[in-house]
Amino acid sequence: MTVLDARALNRATLARQHLLQRSDTSVSEAVAHLCGLQAQEPQEPFTGLWSRLSGFKPQQLDDALTGRAVVRTHLMRRTVHLVTADDALTWRARHDTMLRGRVLGTYRRELAGIDVDEVAAAGRAVMADQQPRTMTELVQALGERWPGPPRRVLGELLVAALIPMAQLPPRGLWHQGAGVRNLPLSIWLGRDIDPLPADGSDPVGQQLLRRYLAAYGPAASADLRAWCGLAGLPAAIKAAREELVVFRDARGRELLDLPDAPRPHPDTPAPVRFLPAFDNAILGYHDRSRIIDAPHLGLSVAGHRTVLVDGRVTATWTVRNHQLHISCLRPLTALEQEAVCTEAHDLTTFLDNDIEHVQLETEN
């Protein structure tokens, strides 16, 4: 069985994430291919798409959001994701149990004794008037029927788990600071959420597996679980196994993949890329060693924006005081510094927020 080392896995990930070469695909097609972009920080997907798409303009994502081709909603890992309308409607029911379980697990004590189905029914009744509401407004509309739980906990249960919601524009539009206004997905998109099949089969699980491998593979089943947060996918893997190819990583883990998916040569040059906070190219795995070194794993969950050099997380970046600050995690060669600065200057033009200087802080 072929063994793929970290560098081979890195190049496969970069190719599938459109980070080895920018793609000329549309915003909606890119969001679909990537299985969504993590988007709890509303402005971050813009940088994620800029690093992946040729000639990307913020208006293209704005148009996709206002045109309801893509939508912001709680989905994988109970995190706000930017996904296509089709994927939101197809995938949501498959995520319901996980979403409920995670909220109830987080607030077990605060929600003890609550009839979750009764709360859900009351929330849906309030939202039936098709009026967008903030989480606070939704909870207030329920009156004092559930005085025990903190208002924020009850609100999070409703909008992140019980009622499939869309976060409406202008939330998530370019250079907008709007708060969250919620409307049920089915109302916003004008279509019902796809129900799970009554026969107990798992076509959505199989679709998630194939789509995940197309954007993240080769990968282990643990990586798939870490990305989507779902349990119970072994049955989907078993059903699809005959159409997959199998590799091993350097630790001996079994890696699954689609037969015709790109697996570039490990020596393929990788350009500098600036990634936003919480980018799924890093967070989409249980074992992130293909793209980030162990001492720096904390960066991937702490909201640090990162820079890929030779395909690996090598620096962090931030914008403050009209400067783009880049802090290196290892020494860079002169050629690497030049490449980082070139890409950084292009990024400042894209960000269009009065950045006057690029500051590269190299490690001593």
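**Exercise 1. Salt bridges**

State how many salt bridges the structure holds, and describe the pair formed by R78.

*Solution.* Step 1: the structure holds 25 salt bridges, a salt bridge being a side-chain nitrogen of Lys or Arg within 4 Å of a carboxyl oxygen of Asp or Glu. The model is predicted, so local features need pLDDT of at least 70 and side-chain atom pairs count only at pLDDT 80 or more, while totals for chains, interfaces and linings use all residues. Residues are numbered from 1 along each chain as its sequence is written, and side-chain values use heavy atoms, with hydrogens and water left out.

Step 2: R78 pairs with E156, and their closest N and O atoms are 2.4 Å apart. This pair links distant parts of the chain: R78 sits in the loop between β3 (70–74) and β4 (80–84), E156 in helix α8 (residues 151–162), 78 residues apart. Helices (H or I, at least four residues) and strands (E, at least two) are DSSP runs, numbered from the N terminus.

Step 3: E156 is buried, with a relative accessible area of 14%. Buried means under 20% relative accessible area, exposed over 50%, and partly exposed in between (1.4 Å probe, protein chains only).

**Exercise 2. The network around R253**

Which residues do the salt bridges that share partners join into one network?

*Solution.* Step 1: D223 and R253 meet through their side chains in a salt bridge at 3.3 Å, N to O. Because D223 is in helix α11 (residues 221–228) and R253 in the loop between β7 (245–249) and β8 (254–257), the pair ties together parts that are 30 residues apart in sequence. Both D223 and R253 are buried.

Step 2: R253 also meets D287 in a salt bridge, at 3.7 Å, N to O. D287 lies in the loop between α13 (280–283) and β10, and R253 in the loop between β7 and β8, so this pair ties together parts that are 34 residues apart in sequence. D287 is buried, as is R253.

Step 3: the network consists of D223, D249, R251, R253 and D287, joined by salt bridges that share partners.

**Exercise 3. The sheet of three strands**

Work out the strand order and the pairing of the open sheet that three strands form.

*Solution.* Step 1: the order is β1-β7-β8, and the pairing is mixed. Two strands pair if DSSP finds at least two bridges between them. The edge strands are β1 (3–4) and β8, each of which pairs on one side only.

Step 2: β1 and β7 are parallel and share two bridges. Here L4 stands opposite D249, and V3 has R248 as its bridge partner.

Step 3: β7 and β8 run antiparallel and are joined by four bridges; one pair of partners is F247 and L255. Their hairpin has four residues between the strands, and G252 takes a positive phi near 90°.

**Exercise 4. Strand β10 and its partners**

Is strand β10 (residues 305–309) mostly covered or mostly uncovered, and with which strands does β10 pair?

*Solution.* Step 1: β10 is mostly covered, as four of its five residues are buried.

Step 2: β10 pairs with strand β9 (residues 273–275) in the antiparallel sense over three bridges, where F274 stands opposite V307.

Step 3: β10 also pairs with strand β11 (residues 312–320), again antiparallel, over five bridges. R305 has W317 in β11 as its bridge partner. The hairpin of β10 and β11 has two residues between the strands, and D310 in the turn has a positive phi of about 55°.

**Exercise 5. Two pockets**

Describe the lining of the largest pocket and that of the second largest pocket.

*Solution.* Step 1: the largest pocket has a volume of about 370 Å³. On a 1 Å grid over the protein atoms alone, a pocket is an open set of points where a 1.4 Å probe fits, with protein on both sides within 12 Å along at least five of seven lines; lining residues have an atom within 4 Å of a point. Grid points are joined across faces, edges and corners, and a volume is the space filled by probe spheres set on the points.

Step 2: 16 residues line the largest pocket, and H74, M135, R152, Q167 and V180 are the closest to its centre. α8 gives the most to this lining, with four residues. By class, the lining has six nonpolar, five polar and five charged residues. Ala, Val, Leu, Ile, Met, Phe, Trp, Tyr, Cys and Pro count as nonpolar, Asp, Glu, Lys and Arg as charged, and the others, Gly among them, as polar.

Step 3: the second largest pocket has a volume of about 160 Å³. Its lining includes R305 and W317, and α3 (44–50) and β11 each supply at least two residues. Four nonpolar, four polar and two charged residues make up this lining.
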